[in-house]
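Let's walk through this model together, one contact surface after another. Keep the viewer open as you read.

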Amino acid sequence: MNDPLRNEYDVVGRPTPKKDGILKALGRAEYADDISMPGMLHGKLLRSPHPHARIVRIDISRAQALPGVRAVVTGKDFPGVKYGNLPQTRDYLPLAIDTVRYIGEEVAAVAAIDEDTAEEALDLIEVEYEPLAAVFDPEQAMLPGAPLVHDNATANVSAQVAFEFGEVDKAFSRADYVREDVYETQPVKQGMLEPHACVGQWDNSGKITLWSCKMSPYVVWRQLAMGLGVELGSVRVVQTVVGGGFSGGKQEAMPMDFCAVMLSRKTGRPVKIVHTMDEVLTIGHMRHPMKISLRTGTDKNGRILAQHCKMIANGGAYSSIGGFSMYLAGAMLNIPYRIPNIRYEAKRVYTNNGFCGALRGHTNTQICFARDSQLELIAADLGVDPIEIRHRNALQPGDETSNGFRIGTFAFDECIDRVVQLSGWREKRGKLPKYRGIGFGCGSHISGARLMGHSASAAEIRVQEDGTVHLSTGSTDVGQGADTVLSMIAAEVLGVEVNDVRFALVDSDSTPVDPGTFGSRVTFFTGNAVKRAAEDARRQLAEIAGQRMKANPDDLVFRGREIISRRDDRQRMSLKDAVRWGAFQTGRLVISHGTYAAGDEKIDFRTGHGNLSPAYNPSACAVEVEVDPETGQVKVVGFWGADDSGFPLNPLAVKGQVIGATVMSFGHALYETLVRIDGKVMNPSFRDYKMPLTTDVPKLTDFQHSNVITWEPEGPFGAKEAGQGAGTGVIAALANAIYDATGVRLNSLPLSPDRIRFAIKQKYETERAGKESPVAAE
Amino acid sequence: MKNLLPISLRVNGETHDVLVPPWRTLLEVLREHLGLTGAKRSCQEGQCGTCTVLIDGKAVNSCLYLAVEAQGKDIQTIEGLATGGNLDQIQKSFVQKGGIQCGFCTPGFVLATKSLLNENPNPSEDDIRTAMVGHLCRCTGYVQIIEAIQDAASQLKHESGN
């Protein structure tokens, strides 16, 4: 076993620049919008202007007659088969047929010789709508008599989940202290800079190909076949370089994908469709806005005895992955604190808004905001130190949570202590000047999930005669560095350099099938599959070299592109000579594969019980803010975080992941929200949808992250997740810091200047009224 | 027939004659007519910086710049930065320091860095932040980008012997 503090490996554990970085720096990485093909047409989508309406009639004749237009498609061109993620919530159609359910829903599509012509043609499509009553608020949507978004969803409930772990009523009855608070979160977008883009081709042989920036190309592959009503084998999905994902539309097939291939079928030419940023920010896929009511009972020392969480999620018009999101939010109540008794009741409600799904930190972000905000209040009420209350409740290695998560490595206490030390917490808390404050927050995340459907990862390796290693997986690099870390794992096992490994983009015709990139699963699940594939290749090479060198294959080690005998290091041959000799003289090709299924444990999604992930990652952070009381503006002046990502395989990438997740949470906490009036997004532009800028992050010297290094036995070379967990505690830390700075506590996100300014004003007025007129204050 | 205009653009030292409608942006002409797809199409309203090119050494949003206006000027795109297959120091620093994740913002950041260092070879951290404020990056949280720019500045200073 590697001693993580004295890394004995040649490749893993060393900061390694991203493999595709050079192509990207040169501007030569090919994204979907960069594709151009002979005869290629350009597509545009017509979208519903109504939040809820019946489509009475669509007349495409004028659009079709416009010079330059090659084809127009409507919902009736598709077989009318609904597709989607979970079998019980398939509710998408490639294009609406008789009903539209939100502003922006796709109704028709045009292919033309250029985008201008396609755009012009959209104006010529006549759609007669019969507007229907619409509902936007989830609580109103559940009232009797509310308009139904989908006829088959009683009271508009799209998914409902209720769990009980332990004996909740009993635990509350013996609690010394109970409090309940309500937290609300907002609609937040993925915010990737590359808009969704695709090129579709349906050739005369019936082969359907989609080139697109997908994080999970095999999910898209299955959904395309489903919605097109064709055999899976006729569909090919080719992944292009992904310009940021963060889940959402790059995780699934979208109407644009169906339209691109159907327009190609009609025209016999490839068709490219690229969303504008206005479209990206208007349409579905965003974080679920939640109303979280959290009731917590503790003993007098602040040890949590029970928690009861009621949650209502505004799901929007369609389901996406929402059914799973409702399970996940409840599951995430179990980490990173010991909560022996939990009751969870969640409803995801259909409304006539853009729909919600996964986004980095998937539901965990919202739950952590509520829980760590409340924990701070509990600590204050009970007179317990805010750091101490976290230590008292911290899960420990070896624990089993009330829902059956088995906690392995989990250096949570160390993360808390590390942050206290890095941030200078003891010198700052309660001692900073007025309007300056520091807050603490914690989180945790999974390293991949055991799912009911496709859960396992696979990898294939081919060692070529020049000694290079061709690695293909079904996981995608979305910028997080999968191309590099998976190559590093293969290189470490085979004793070659990272640059000797070629990492393939996914092509469903040739790469191994895999669920894709989400849930912090790639390094862990696919990494384990790659490690096994590389070990199999190494075994094959050892047999070949052993035969050639007349040595026992078990005595051979792989290092520096050579195969060397442990017994006599003069006995050696180069890796490439072994591949050549094997292929040329003995007819053996070095082709291997490996899989990882994380054991055969299963989650019972009805009870919520089961060990979701093979490993869990705790994190803690402290954030220092300065609040301008006149404007309500918050400046983040310092941030110190620590997490336990196991053994960081590529520290350069881990740093990028944790800081990226952190800053994304700054945006969620402070600035970002979709402003919607009657279902219409009023800010579908980066001008008005405010994401963090270079000037919104603390100075480099005051922005630190530290890995508490553990060795996760189940992870590849000891690794765990890194891309999501570190961001989950950040929002509560900011809310707690703003409270420390101003004395105002905000339970609704974003913690925007108007809300802060108003709350400060209200607090001031209340205090003044109390001073001037003690009678009135009673 | 659309109202087409013959224009001449000098891009990365090479002159290109193209026939384009007068309302075409420089970004559109670079990507669609000249096959230079390094400048990226994202917000198309000057908010994100992914379409950045240099005009006479200064960073501009090519999505807000009409191609006709760029005539007679020296246009540099990301494709023109590396010489003889060797990365420019700025590109090297972005790769080495982890300033690149999904890469969609990278050409814009790299060229904006070039523009910044042209004017201010010794920028402070605050100078860098201010110069990059028109560039969004959703992946990195900016820290490794700022570190890459600092590294590029110090390497270039070292190279020029100052």
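**Three contact surfaces**

In this predicted model, 17 residues of domain 1 of chain B are in contact with 15 residues of domain 2 of chain B. Domain 1 covers residues 5-80 of chain B, and domain 2 covers 89-160. Their C-alpha centres are 21 Å apart. Together, these two domains bury about 1200 Å², with 63% of that area on carbon and sulfur atoms. On the domain 1 side, T52(B), L54(B) and I78(B) are worth picking out, as they supply 36% of the area that domain 1 buries against domain 2, more than any other three residues.

What about the polar side of this contact? Between domain 1 and domain 2 of chain B there is 1 salt bridge. The side chains of K58(B) and E119(B) meet in a salt bridge, with 3.0 Å from N to O. The two domains of chain B also share 6 residue pairs in polar contact, counting pairs with both residues at pLDDT 80 or more. The elements that give two or more residues to the domain 1 side are β3 (52-55) and β4 (58-61) of chain B, and β3(B) gives the most, with 3 residues. By class, this side of domain 1 has 5 nonpolar, 9 polar and 3 charged residues.

Now turn to the place where the chains meet. Here 47 residues of chain B and 59 residues of chain A take part in the contact. About 4300 Å² is buried between chain B and chain A, and 56% of it lies on carbon and sulfur atoms. Within chain B, three arginines stand out: R41(B), R129(B) and R138(B) lose the most area to chain A, together 19% of what that side buries.

How many salt bridges cross the interface of chain B and chain A? The rule finds 9 salt bridges there. If you would like one to look at, try R24(B) and D116(A), whose closest N and O atoms are 2.8 Å apart in a salt bridge. Chain B and chain A also have 28 residue pairs in polar contact, with both residues at pLDDT 80 or more. On the chain B side, at least two residues each come from α2 (89-96), α3 (106-119), α4 (125-131) and α5 (143-160). Of the elements in chain B, α5(B) gives the most to the side that touches chain A, with 5 residues. Sorted by class, the chain B side has 20 nonpolar, 15 polar and 12 charged residues.

Our last stop is inside chain A, which is divided into domain 1 (21-28 + 456-596), domain 2 (35-133 + 190-282) and domain 3 (386-450 + 605-761). The C-alpha centres of domain 2 and domain 3 of chain A are separated by 37 Å, and their contact takes 11 residues from domain 2 and 12 residues from domain 3. These two domains of chain A bury about 820 Å² between them, 76% of it on carbon and sulfur atoms. I103(A), G191(A) and L281(A) supply 54% of the area that domain 2 buries against domain 3, more than any other three residues.

Which polar links join domain 2 and domain 3 of chain A? The count is 0 salt bridges, and the rule also finds 0 residue pairs in polar contact with both residues at pLDDT 80 or more. By class, the side of domain 2 of chain A that touches domain 3 has 7 nonpolar, 3 polar and 1 charged residues.

Methods:
Residues are numbered from 1 along each chain as its sequence is written. Chains are lettered from A and ligands numbered from 1 in the order in which they are written. This is a predicted model: local features need pLDDT of at least 70, side-chain atom pairs count only at pLDDT 80 or more; totals for chains, interfaces and linings use all residues. Side-chain values use heavy atoms; hydrogens and water are left out. Domain bounds come from an automatic or database domain assignment. Contact means heavy atoms within 4.5 Å. Buried area is the accessible area (1.4 Å probe) that two parts lose on being put together, summed over both. A salt bridge is a side-chain nitrogen of Lys or Arg within 4 Å of a carboxyl oxygen of Asp or Glu. A polar contact is a pair of N or O atoms within 3.5 Å; within protein, one must be able to donate a hydrogen and the other to accept it, and residues adjacent in sequence count only if both atoms are side-chain atoms. Helices (H or I, at least four residues) and strands (E, at least two) are DSSP runs, numbered from the N terminus. Ala, Val, Leu, Ile, Met, Phe, Trp, Tyr, Cys and Pro count as nonpolar, Asp, Glu, Lys and Arg as charged, and the others, Gly among them, as polar.
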